[in-house]
Amino acid sequence: MALLGFQDVSVAFGGLPLLDRVHLQVEKGERVCLLGRNGEGKTTILRLISGEIEPDGGVITLNRGAKVAGLSQELPPDLRGSVYDVVADGLGRIGALLEEYQQLTRSLAKGADKASIKKIEMLQEELEGAQGWQIRQHVDMILTRLSLDPDVRFETLSVGFRRRVLLARALVAEPDILLLDEPTNHLDLPSINWMEEFLQKYRGTIIFVTHDRIFLQKLATRIIEVDRGRLVNWECGYREFLERRQTALEVEGAQRDQFKRKLAKEEEWIRKGIKARRTRNEGRVRALIKMREVQQAWRKSAGSARMQIQEAERTGKLVIEAAGISHGYGGAPIIKGFSIRIIRGDRIGIIGPNGVGKSTLLKILLRDIEPEKGRVRTGTRLEVVYFDQLRAQIDEEMTVQENIAEGKNMLLINGVQRHVIGYLKDFLFSPERARSPVRILSGGERNRLLLAKLFTKPSNVLVMDEPTNDLDMETLEVLEERLLEYSGTILLVSHDRAFLNNVVTSTLVFEADGVVTEYAGGYDDWINQRPEQDDKKGSGKRGAIGKRASKKGPKKENRPRKLTFKEGRELERLPGRIEELEQERNRIYEQMSSPEFYRGDGGKISQTQARLKELERELDETYDRWEELESLREANIIQD
């Protein structure tokens, strides 16, 4: 008998059903991944299994005595208490006893009265009778494996650490069915690697939703695709699933095309009225009516997202330069001796454990906060767009449309006026969904909304803090393509290993004692290049500067040369020259924006266009020269 079963299960929240009379069987020990677009019903299936919601129709069966526990996408807003208390809460009655025992033993350090001591003795007896000490050891083991301090207050932790605590609470109950909804969200890479190893050895049944392709490849023994109200069973791993699914979609498309051609012929026949009322033709009429009903019941795929990133005018060649950065909190260094030179077009990934200081490094590089030591210089014409993993730019009470357009109906996208509803369709929001409040959206839909909001603004520097959380895989792949096409500079914080491999050209890694080291390439390249853990000398030692940075970045041991008299005079004149060039370029832009310009002499048009290209080239060279001389001047000021 299957551990879990769905028979004719249907669920709808208005409009088309999310699940339409679906069937599902899950056997003991399987690791099943639910795949599908955001909003297709993956989380709804998990909530049905856990008993949070009831189906509108059909039957859900679960083996008698089977325990279900899980990790949800969203953090509980009102959860309070110590880490130990939150984790032990996953054990029900025994957990409550352990929580009380833990609180009372803490109070002994401050002195306890006779009543407290007696209460502790009673709890000890009760825990012994319920095998509480073995269970307590199990709680301690889970806390240790997830590197969690039992005495820290849950509400003071970062988002990533809170998810770790909630994962521990799900694991501690040793459920027969473990439900995981985007379990790698906000986890750092060591935690993700540990989770993969832990779950591969886990004896229970796992049903999970993930966007992490490497996590999926390593873990899933079977894939269930949630597609337009149906559940499609794929008895294979992820790579084979992609190939089989593409073939199935092509077959489905061919069958529908054939059906449409036949329907068109029958519609033409009925319009001509060739004695359709005769008895011998009534069967054909009934068949036509049935074909119409079949076509009306079709549910089209949502298609792929068609997102575009608006690009602003190019920055200068130098985007950001940091020299000798050190920073810390409460006397503890989080960044030490870090230098880097970021050039236009670089795509830099940033990885490290949760709470190590990745967001702080971003803020220092963007000059939002001043480092305790060292300096940061930013280049010219920077237009920065920032993707915040906490989605602070989104108002939960406003509709999707209101968040994007701020009361307007039209948006200017890449120089073209577009209606906000049409723009949102590019991000897979139907007109009905666009008019819905943000608070009802799934996690993936909220991330798509934030991307849609940010991409309304032209940029030449994209700063993205965990942009992949909750996105479905197809949207994730489209985002990867757009980022690869983007000619600006990208700073990317992510724990998605495949995403890092596919997008970034170099990686900043937070290592021991505040050292941040730059490695060429993505996640896999870092794994191959990093020094061995047992290497006492540490080939990466204190070198917080990567290969490129060590060549180009300022060196402490060599005092930078001083500007010559001629270079000093040149530096004084460069801002004025830049202004002259920009004014001439703007006059040409204004001239070329008039329709009359293109009705004039062809030779003059060609000369003007050639002059514009020459101005662009000269401006880039002048900016680069100004940055070079200004860098020398500032370096000498710091040394003096």
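This text walks through two sheets, a helix that packs on them, a covered strand with its surroundings, and one loop residue. The model is a predicted one.

Start with the sheet of three strands. It is open, its strands are ordered β2-β1-β4, and their pairing is antiparallel. At its edges stand β2 (19–26) and β4 (57–62), each of which pairs on one side only. From one strand to the next the twist averages 15°. Five bridges join strand β1 (residues 4–11) to β2 in the antiparallel sense, and Val9 faces Val22 in β2. Across β1, β2 and β4 lies helix α1 (residues 42–50), which runs at about 120° to β1.

Helix α1 also leads to another open sheet. This sheet has six strands in the order β5-β6-β7-β3-β8-β9, and its pairing is mixed. Its edges are β5 (68–71) and β9 (230–234); each has a single partner strand, so one side of each is left without a neighbour in the sheet. Here the twist averages 20° from one strand to the next. α1 packs on this sheet, with contacts to β3, β5, β6 (177–181), β7 (205–209), β8 and β9, and its direction makes about 150° with that of β6. Within the sheet, strand β3 (residues 31–35) and strand β8 (residues 222–227) are parallel and share four bridges. One of the residues in these bridges is Cys33, whose partner in β8 is Ile223.

Further along the chain is strand β17 (461–465). Five of its five residues are buried. In a regular strand, side chains alternate between the two faces of the sheet. In β17 both faces are covered: Val461, Val463 and Asp465 are buried on one side, and Leu462 and Met464 are buried on the other. Strand β14 (384–387) runs parallel to β17 and is joined to it by four bridges; Phe387 has Met464 as its bridge partner. β17 also pairs in the parallel sense with strand β18 (residues 489–493), over five bridges. In that pairing Leu462 stands opposite Ile490. Together, β17, α16 and β18 form a right-handed β-α-β unit.

Leu462 can be followed into the interior. Apart from neighbours within four places in sequence, Leu462 is in contact with Ile309, Val385, Phe455, Leu483, Tyr486, Thr489, Ile490 and Leu491. The largest nonpolar core has 89 residues, and those that touch the most other members are Leu199, Phe208, Leu216, Leu451, Phe455, Leu462 and Leu483. Helix α6 (residues 159–172) gives the most to this core, with seven residues.

Leu451 belongs to helix α15. In this helix, twelve of twelve residues are buried, including the charged-type names Glu445, Arg446, Arg448 and Lys453. The buried residues pack against β14, α12 (400–405), α13 (420–425), α14 (431–434), β17 and α16 (473–485). What span should α15 (residues 443–454) have at 1.5 Å a residue? Its twelve residues should span 16 Å, and the end C-alpha atoms are 17 Å apart, which agrees.

Last comes Thr315, in the loop between α10 (282–297) and β10 (318–329). Is this residue buried or exposed? Thr315 is buried, because its relative accessible area is 1%, and the cut-off for buried is under 20%. Beyond residues up to four places away in sequence, Thr315 touches Arg344, Thr380, Arg381, Leu382, Asn460 and Val461. Val461 is also one of the buried residues of β17.

How values were computed:
Residues numbered from 1 in each chain as written. Predicted model: local features only at pLDDT ≥ 70, side-chain atom pairs only at ≥ 80, totals over all residues. Heavy atoms only, no water. Pairing = 2+ DSSP bridges. Helix = DSSP H or I, 4+ residues; strand = E, 2+ residues; numbered from the N terminus. Axes fitted to C-alpha atoms, helices over the stretch in contact; angles between N-to-C directions. Contact = heavy atoms within 4.5 Å. Buried < 20%, exposed > 50% of the residue type's maximum accessible area, 1.4 Å probe, protein only. Core = buried A, V, L, I, M, F, W, Y, C linked by side-chain atoms within 4.5 Å. Expected span 1.5 Å × (residues − 1). Right-handed = clockwise from strand over helix to strand, strands pointing away.
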